[in-house]
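Let's take a walk through this structure together, going from charged side chains to a pocket. Have the model open and follow along.

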Amino acid sequence: MDAFVKFTSQSQGRERIFRATQYASALAIYLLRNHSERKDLVAKLKSLETNMSAGRKLFRLGNAVNSIEASKRTMRLSDRVLALCLTVANINRALYFICDNVLWARSVGLIRDLDKERWSRNSSRCYLLSLVMSLTRDVYVVVQLMTRRSRDAHFRQKMEAHLSESPEVAEAVVPHLDAFIFLLFESFKSHPAVALDMLKNICDLFIPLNTLGIYQSNAGVVGLCGLMSSVIGIVTLVQPKLTLKP
């Protein structure tokens, strides 16, 4: 109970609960779209989805400042690849939050003369670029992990033992591919934070791709991906050790 109270006391924790509820509602609406007898439930779910989306915008007010501060910290990283990826990701995340705040201001009537469609697309572009750079960071970290493990003598013995267990498969399939998959799996297994962050970013990627029309998905796919990334976000917030750093 204490952990739950601590989690919900954070604006970030509440935002992630709202996000999970929003995308769970979107997924449920898609699954119930052909059930005419559930139209009242679908109407309630649509209202819930809209309210959750509006609530999240309130929780995100001020997040642009946090992203700018984060970009200042990542600029000082000794690893230049990580510094570039994370700094560009944080800057674009800040721009995304600024666009999001402006759209919220328009929705409540604080700003009237505003091209909502243009700002929404700019918001999605910044979000997409932020995710692409975050995924680039994930791939870079995975490559580093795989390189280090491949040089470990104990791991090399383990991998050779794995390949020798099924020699007929090794002959039929490219041995290097089997070794690569085994190395990748072991790297993820020993560093679950990397696997979770990569899975979360991949799931999130479908949202701006669909919004911008680059890769059209149905509402069910977007809802499922949004729900999965939201659950991962909640898990990493509850268990900080599963958060990829830096």
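R137 is buried, with a relative accessible area of 7%. Keep in mind as you look that this is a predicted model. The cut-off for calling a residue buried is under 20% relative accessible area, so R137, at 7%, falls on the buried side.

So who does this arginine pair up with? One partner is D138, and the two form a salt bridge in which the closest N and O atoms are 3.3 Å apart. D138 counts as buried too, with a relative accessibility of 0%.

R137 also forms a salt bridge with D197, and here the closest N and O atoms are 3.4 Å apart. This pair links distant parts of the chain: R137 belongs to helix α6, which covers residues 116–150, while D197 belongs to helix α10, residues 192–211. In sequence, the two are 60 residues apart. And just like R137, D197 is buried.

Now stay with R137 a moment longer, and turn to the pocket. R137 is one of the residues that line the second largest pocket, which holds about 170 Å³ of space. Also in the lining are V141, Q144, L145 and R148, along with L82, H191, A193, V194, L244, K245 and P246. Which elements give two or more residues to this lining? They are α6 and α10, and those are also the helices that hold R137 and D197. Helix α6 gives the most, with five residues. Sorted by class, the lining has seven nonpolar, two polar and three charged residues.

How many salt bridges does a search of the whole structure find? The count is nine. Another of them to look up is the one where the side chains of K57 and D100 meet, at 2.8 Å from N to O. K57 lies in helix α3 (residues 39–59) and D100 in helix α5 (residues 80–107), so this pair ties together parts that are 43 residues apart in sequence. D100 is buried as well, with a relative accessible area of 3%.

K57 and D100 don't stand alone, either. They belong to a network of salt bridges that also links E15, R56 and R60. If you pick out those five residues on the model, you can trace the network for yourself.

To retrace the route: R137 forms salt bridges with D138 and with D197, and R137 also helps line the second largest pocket. K57 and D100, for their part, meet in a salt bridge and sit in a network with E15, R56 and R60.

Note on methods. Residues are numbered from 1 along each chain as its sequence is written. This is a predicted model: local features need pLDDT of at least 70, side-chain atom pairs count only at pLDDT 80 or more; totals for chains, interfaces and linings use all residues. Side-chain values use heavy atoms; hydrogens and water are left out. A salt bridge is a side-chain nitrogen of Lys or Arg within 4 Å of a carboxyl oxygen of Asp or Glu. Helices (H or I, at least four residues) and strands (E, at least two) are DSSP runs, numbered from the N terminus. Buried means under 20% relative accessible area, exposed over 50%, partly exposed in between (1.4 Å probe, protein chains only). On a 1 Å grid over the protein atoms alone, a cavity is a set of points where a 1.4 Å probe fits but cannot get out, and a pocket is an open set with protein on both sides within 12 Å along at least five of seven lines; lining residues have an atom within 4 Å of a point. Grid points are joined across faces, edges and corners, and a volume is the space filled by probe spheres set on the points. Ala, Val, Leu, Ile, Met, Phe, Trp, Tyr, Cys and Pro count as nonpolar, Asp, Glu, Lys and Arg as charged, and the others, Gly among them, as polar.
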